[in-house]
Amino acid sequence: MPQDERIKKLASLLHNAEKITVLTGAGISAESGIPTFRGAEGLWRRHRAEQLATPAAFEKDPRLVWEWYDWRRGIIGSKQPNPGHRVLAGWEKRRPSFCIITQNIDGFHRRAGSENVFELHGNIWKVRCTNEGTVFDNNDTPIGTIPPLCPDCGALLRPHVVWFGESLDMGILNNAFRLSGECDLMFIIGTSAVVQPAASLPLAAREAGSILVEINPDTTPLSPTVDYSFREPSGEILPRIDKALKDLE
Ligand code: OAD
């Protein structure tokens, strides 16, 4: 089917869907200038994950881990959400039941205006007390004294993100599986679909009979399973789908 027709078909599915769930990964923020994890320029090529994004690494050298997160906060803070994030924020306002489940910690979906967002891997703009577990918002770039300390008890603060070897928040994960199992249309955008349990969410949606749409310039292990594949950057294709949707509204 020619691309224009596929876009029109998808716009019509979007227009008629009752429950839409979107799963996003690092690729949706790539056009904002945020490096992804895998691939030629990926973060995990240049940094060894186990030296930086693990509880053991933090225990051994909290300053090194915080310097890396402070560097990433500096990059994210200097960039903006892109048209892909903004289109999704617009759909939440216009479609009856719409949510985003993201693996990203950059906070861009909310900055673009999305509200119904489930952050599976935490948020880089939140910090957590290692002693009491209290979570604080912190938007300072640079963060100041490294490593930062809890204003209440003086213990070390850590980034409120999920590290390798740690469990996801069960409440958020349960909601993510429920929303995947209930939707009739799921978008899978900018994820390599290799990290669990996020990579299983589209399978839960598929089992429940949902239509799956993948937006990713590359193929992924999910690609053979999906109904529609758009092999283009999300910041380009989402505005085109949005335009076709607006023609129907
Ligand atoms: P990856 O870096 O593994 O994958 C990014 C995906 O985005 C790849 O499949 C790219 O082809 C695709 N991509 C690149 N540019 C794109 C664009 N402009 N539009 C659409 N897609 C594009 O990132 P994730 O799948 O998000 O976890 O990685 C999952 C998790 O692995 C991360 O949340 C992180 C990491 O370890 C933790 O840190 C816990």
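Let's start at the ligand: one of its oxygen atoms has a polar side-chain atom of H121 at 2.8 Å. Please keep in mind that this is a predicted model. R38 also reaches in, with an N or O atom of its side chain 2.6 Å from an oxygen atom of the ligand. The backbone takes part as well, since a backbone N or O atom of G190 sits 3.2 Å from a ligand oxygen. How much of the ligand's accessible area does the protein cover? On its own the ligand has 790 Å², and 89% of that is covered by the protein. In total, 22 residues surround the ligand, and the closest are F37, R38, T191, S192 and N216.

Now let's step back to the domains. Domain 1 is made of 1-34, 81-121 and 169-249, while domain 2 combines 35-78 with 122-161. Their C-alpha centres are 27 Å apart. Across the boundary, 17 residues of domain 1 are in contact with 14 residues of domain 2.

Next, the sheets. One is an open sheet of six strands, and if you trace it on the screen you'll read β3-β2-β1-β7-β8-β9, with parallel pairing. Why do β3 and β9 each have one side without a neighbour in the sheet? Both stand at the edges, β3 at 117-119 and β9 at 228-230, and each has a single partner strand, so one side stays free of a neighbour. From one strand to the next, the twist averages 15°.

Let's zoom in on one pair here. β1, residues 20-24, and β7, residues 185-189, run parallel and share five bridges; among the partners, V22 is matched with F187 in β7. Helix α8, residues 170-182, packs on this sheet, touching β1, β2, β3 and β7, and its direction makes about 130° with that of β3. Helix α6, residues 83-94, lies across β1, β2 and β7, at about 145° to β2.

The other sheet is open too, with three strands in the order β5-β4-β6 and antiparallel pairing. Its edges are β5 (135-137) and β6 (157-161); each has a single partner strand, so one side of each lacks a neighbour in the sheet. Ignoring direction, neighbouring strands of this sheet are turned by 45° against each other on average. β4, residues 122-129, pairs with β5 in the antiparallel sense over three bridges, and K126 has D137 in β5 as its bridge partner. Finally, helix α5, residues 62-77, packs on this sheet and touches β4 and β6, with its direction at about 140° to that of β4.

Thanks, everyone, and I'm happy to go back to any of these views.

Terms used. Residues numbered from 1 in each chain as written. Predicted model: local features only at pLDDT ≥ 70, side-chain atom pairs only at ≥ 80, totals over all residues. Heavy atoms only, no water. Pairing = 2+ DSSP bridges. Helix = DSSP H or I, 4+ residues; strand = E, 2+ residues; numbered from the N terminus. Axes fitted to C-alpha atoms, helices over the stretch in contact; angles between N-to-C directions. Contact = heavy atoms within 4.5 Å. Near = heavy atom within 4 Å. Polar contact = N/O pair within 3.5 Å; in protein donor to acceptor, adjacent residues only side chain to side chain. Areas by Shrake-Rupley, 256 points an atom, 1.4 Å probe, with all protein chains shown as cover. Domains from an automatic or database assignment.
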